[in-house]
Amino acid sequence: MDIVEVSGVAFTTFQLSGGEYQWWEVYEEGRPADAAPPAWAQFSEMFLRECAPQTLRDAWRTKFDQLRRGTMTVSEYTIRFTELSRHTSTLVPTVREQIHRVIEDLSYGLRFSMARELETDTPFQQVVDIARRL
């Protein structure tokens, strides 16, 4: 059986804090004492519905879609990119796609200089470091 299915809910709820923790406590108190814990898929659906409603996820997606480097430094841009991409994993589901998106939003000169990183398995942080140096 998948580790997420077996321990994912317990591991995740152990890390909750603030409003998310309070939501989970209310949920737990409302369940029958002998009820099995929810499966990962059920927990994920409940958590997203309660703690990250669709309107909020849509807003994150819009901000991510509109993110452009513009006048930001490479560091500022990658920090913002990383913050937003956490919430939009369907837009850039792999590290390779994240790297591609970051490089494509750099200036032409930087994109040209970093063409090799698009074709190799260079780690994300190393790509960011190269862009900063350039």
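## Two helix pairs to work through

In this predicted model, the axes of helix α2 (residues 18-30) and helix α3 (residues 40-51) come within 11 Å and cross at roughly 125 degrees.

**Exercise 1.** Work out how α2 and α3 are oriented to each other, and which residues bring them into contact.

*Solution.*
- Step 1: Start from the crossing angle, roughly 125 degrees.
- Step 2: Angles over 145 degrees count as roughly antiparallel and those from 65 to 115 as roughly perpendicular. The two helices α2 and α3 are therefore oblique to each other.
- Step 3: Look at the handedness: α2 passes α3 in a right-handed crossing.
- Step 4: Now find the contact. From α2 come E20, W23, W24 and Y27, and from α3 come Q42, F43, M46, F47, E50 and C51.
- Step 5: Sort these residues by character: seven are nonpolar, one is polar and two are charged.

**Exercise 2.** Do the same for helix α4 (residues 54-66) and helix α5 (residues 74-85).

*Solution.*
- Step 1: The axes of α4 and α5 come within 9 Å and cross at roughly 150 degrees.
- Step 2: Angles over 145 degrees count as roughly antiparallel, and α4 is therefore roughly antiparallel to α5.
- Step 3: For the handedness, α4 passes α5 in a left-handed crossing.
- Step 4: On the α4 side you will find W60, K63 and F64, which meet R80, F81, L84 and S85 in α5.
- Step 5: Sorting the contact of α4 with α5 gives four nonpolar residues, one polar and two charged.

Key: Residues numbered from 1 in each chain as written. Predicted model: local features only at pLDDT ≥ 70, side-chain atom pairs only at ≥ 80, totals over all residues. Heavy atoms only, no water. Axes fitted to C-alpha atoms, helices over the stretch in contact; angles between N-to-C directions. Helix = DSSP H or I, 4+ residues; strand = E, 2+ residues; numbered from the N terminus. Parallel < 35°, antiparallel > 145°, perpendicular 65-115°, else oblique. Left-handed = near helix turned anticlockwise from the far one by under 90°. Contact = heavy atoms within 4.5 Å. Nonpolar A, V, L, I, M, F, W, Y, C, P; charged D, E, K, R; others polar.
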